[in-house]
Amino acid sequence: MTRAPFATHEVLNQSPPFVDVDLYEMDHPLADAVAANGGGPAHNELSEFGRHWGSAAMAERARLANENTPKLRAFDSRGYRRDEVEFHPAYHELMARSAHAGLHNSTWGLDGRPSGGAAEVVRAARFYMAAGVETGHLCPITMTRASVAALAAQPDLLAKVMPVIGTRAYDPSFVPWPAKRGMTLGMGMTEKQGGTDVRSNLTRANRDGDAYRITGHKWFMSAPMCDAFLVLAQADEGLTCFFMPRFLPDGSVNAIEFQRLKDKLGNRSNASSEVEFAGAYATRVGEAGKGIRTIIQMVQLTRQDCAIASAGLMRSGLAHALHHARHRSVFQKHLADQPLMQCVLADMALHVEATVALVMRLCRSFDRATSDQSEAAYMRHLTPAIKYWVCKSAPGFLYEAMECLGGNGYVEEGVLARHYRESPVNAIWEGSGNVMCLDVLRALSREAEAAAAILRGLANETAGLPGAADVVAFIATAFRGPDSERVARMAVEKLALLAAAAALGQVSPGQAELFALTRLAGNHGSMYGAVDLARDDITRLLARALPN
Ligand SMILES: Cc1cc2nc3c(=O)[nH]c(=O)nc-3n(C[C@H](O)[C@H](O)[C@H](O)COP(=O)(O)OP(=O)(O)OC[C@H]3O[C@@H](n4cnc5c(N)ncnc54)[C@H](O)[C@@H]3O)c2cc1C
């Protein structure tokens, strides 16, 4: 498009918008990781998704949904409670596109059982691409998908909701879920006095015939326009999981009273509420007193999605940085041709290659967990380690990507500022960093044999890679003994790095060698680019990250 010229100057040397691209075709590390983990046959459909989500129209929807944040309408003009949240049409569009692609349900069959095949890997590729465009709306999408795992503890309820969760329609109407074309689910665990320590929940559940009445509060309850929530509350038997719909079976509105919406650093297209339950109607999910055991099935899947989304955010940051560097000239030379910038970008590309390989390897374990015990053990032990490492690396990575764009990276019109503000939340929710480390320790102490087998497997897969043997030896001893908690972050990080090297080895052995040399053998400074990469390696990494 030609634009009217300025009277004072010409606009020169600005990179064109990074839109109308195929997010899949241009991302070789993603396509290779998907193929290596069983998702190769989905290439064409993933490419179609990549073109759609890489369009200028989707980028515009992402901008609008974040600039026009959700509004709480607690009361109507006459003072009656309304308890609705209004979203910009762009948010609804994003929800509809994600639902249409099955991001909220494609890993489940209509009976609520895992779809099998490479459903997790293929969905993860879509989730990864969508996260690089707009992440906030993925909150209800991930919770809906994950809720099925917890609802499995209540088969009669699961059978009723699956026909509605199982459609690819997005239906934002505020009516009872059984009357809808599609539905979303959220979760309420965190209270003012504790989010990690949910045993401290004060919210009470009192029996009311076959159902319960819930009284209390939740301090964070995201996506408040979901059609139902899985909520923890104290029943007589102890902490229990409940299904709390927005409407009672008689069609009246449930006593779910939103107090206000959080004013958040990022994640602004998504609403996160403070809420009170004033005797809200709910039914039990799973055994009374076993609420944590029930809801942890859901949390395991949202943790997986946190890692996928953080990987997608970093990929988007890298692609924008590389695109900019190929168009922006400084001192008569494109930034992408300046040796120092090349090194920074190549080092970042290596991080993303390893991250996407690791995340897809994790998703393969989810695909195979029901039929293969060793894959199930990989899934259980490594989900918290991978969530820890991937999610916690995202803010620093996105800061560096932003800096590659110079001042343009720092302003809100660009996508980098939004990605940067979004990035810390995946490490904080669904189990913060230390909690993930403690989870790894707990899993290791409960299942020492399975843990030893996983470490042996990783040792075999990384045999011969620089630094791998020392890392294996460190991990083997660090998790033992009374002091393991003190060194847990160090050990969990090394475990994730080792798993990343192993996963990358199955996708691209040359990159695995480089990753191990720079990350396992300790040959890396504290910043991206503070590393000695050979020219050929730099060229290869950058060509794979974004073909010219
Ligand atoms: C945007 C947003 C949306 C959210 N949406 C939801 C939602 O929909 N539903 C919901 O239930 N919750 C939600 N949460 C809440 C979130 O899950 C909690 O904030 C999180 O679990 C941490 O709990 P907390 O805030 O109470 O912090 P705390 O539990 O007080 O933890 C504070 C810090 O202490 C660390 N820590 C905890 N225990 C230990 C230990 N034993 N040793 C060492 N360190 C420890 C943690 O890692 C953390 O860094 C949301 C949060 C955010 C930011």
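Ala, Val, Leu, Ile, Met, Phe, Trp, Tyr, Cys and Pro count as nonpolar, Asp, Glu, Lys and Arg as charged, and the others, Gly among them, as polar. The exercises below concern a predicted model.

**Exercise 1. The second largest pocket**

Describe the lining of the second largest pocket by class, and state which helices contribute to it.

Solution.
- Step 1. The volume of the second largest pocket is about 1100 Å³.
- Step 2. Its lining consists of 44 residues. Nearest the centre of the pocket lie Phe18, His320, Glu413, Gly414 and Val415.
- Step 3. Sorted by class, the lining holds 18 nonpolar, 15 polar and 11 charged residues. By the definition above, Phe counts as nonpolar, Glu as charged and Gly as polar.
- Step 4. At least two lining residues come from each of helix H3 (56–67), H5, helix H8 (291–327) and helix H12 (415–422).

**Exercise 2. Helix H5**

Compare the span of H5 with the expected span, and decide whether the helix is enclosed or open to the outside.

Solution.
- Step 1. H5 covers residues 119–133, which is 15 residues.
- Step 2. The expected span is 1.5 Å times one less than the number of residues. For H5 this gives 21 Å.
- Step 3. From first C-alpha to last, H5 reaches 22 Å, close to the expected value.
- Step 4. Because 15 of the 15 residues of H5 are buried, the helix is largely enclosed by the rest of the structure.

**Exercise 3. Strand S6 and its partners**

Find the strands that pair with S6, give the sense of each pairing, and determine whether the faces of S6 are covered or open.

Solution.
- Step 1. S6 runs over residues 228–235. Strand S3 (residues 185–188) pairs with S6 in the parallel sense, over 4 bridges. In this pairing, Gly188 is opposite Val231 of S6.
- Step 2. Strand S7 (residues 238–245) is antiparallel to S6 and joined to it by 8 bridges. One of the bridge pairs is Ala235 with Gly238 of S7.
- Step 3. S6 and S7 make a hairpin, with 2 residues between the strands.
- Step 4. On one side of S6, Ala228, Leu230, Leu232 and Gln234 are buried. On the other side, Phe229, Val231, Ala233 and Ala235 are buried as well, so both faces are covered.**Exercise 4. Three buried residues**

For Val352, Thr184 and Leu465, give the place of each residue, its burial and its contacts outside the local sequence.

Solution.
- Step 1. A residue counts as buried under 20% relative accessible area.
- Step 2. Val352 belongs to helix H9 (residues 339–368). Its relative accessible area is 5%, so Val352 is buried.
- Step 3. Beyond four places in sequence, Val352 contacts Tyr128, Met314, Arg315, Leu318 and Phe397. Ala311 is 41 residues from Val352 in sequence, and their C-alpha atoms are 7.0 Å apart.
- Step 4. Thr184 sits in the loop between helix H7 (155–165) and S3. With a relative accessible area of 12%, Thr184 is buried.
- Step 5. Not counting residues up to four places away, Thr184 touches Met95, Thr144, Met225, Cys226, Asp227 and Ala228.
- Step 6. Leu465 is in the loop between helix H15 (448–461) and helix H16 (468–478). Its relative accessible area is 14%, so Leu465 is buried.
- Step 7. Leaving aside neighbours within four places, Leu465 is in contact with Ala501, Ala512, Glu513 and Ala516. Leu103 lies 362 residues from Leu465 in sequence and 36 Å from it in space, C-alpha to C-alpha.

Key:
Residues numbered from 1 in each chain as written. Predicted model: local features only at pLDDT ≥ 70, side-chain atom pairs only at ≥ 80, totals over all residues. Heavy atoms only, no water. Buried < 20%, exposed > 50% of the residue type's maximum accessible area, 1.4 Å probe, protein only. Pairing = 2+ DSSP bridges. Contact = heavy atoms within 4.5 Å. 1 Å grid on protein atoms, 1.4 Å probe; cavity = no way out; pocket = protein on both sides within 12 Å on 5 of 7 lines; lining within 4 Å. Points joined across faces, edges and corners; volume = space filled by probe spheres on them.
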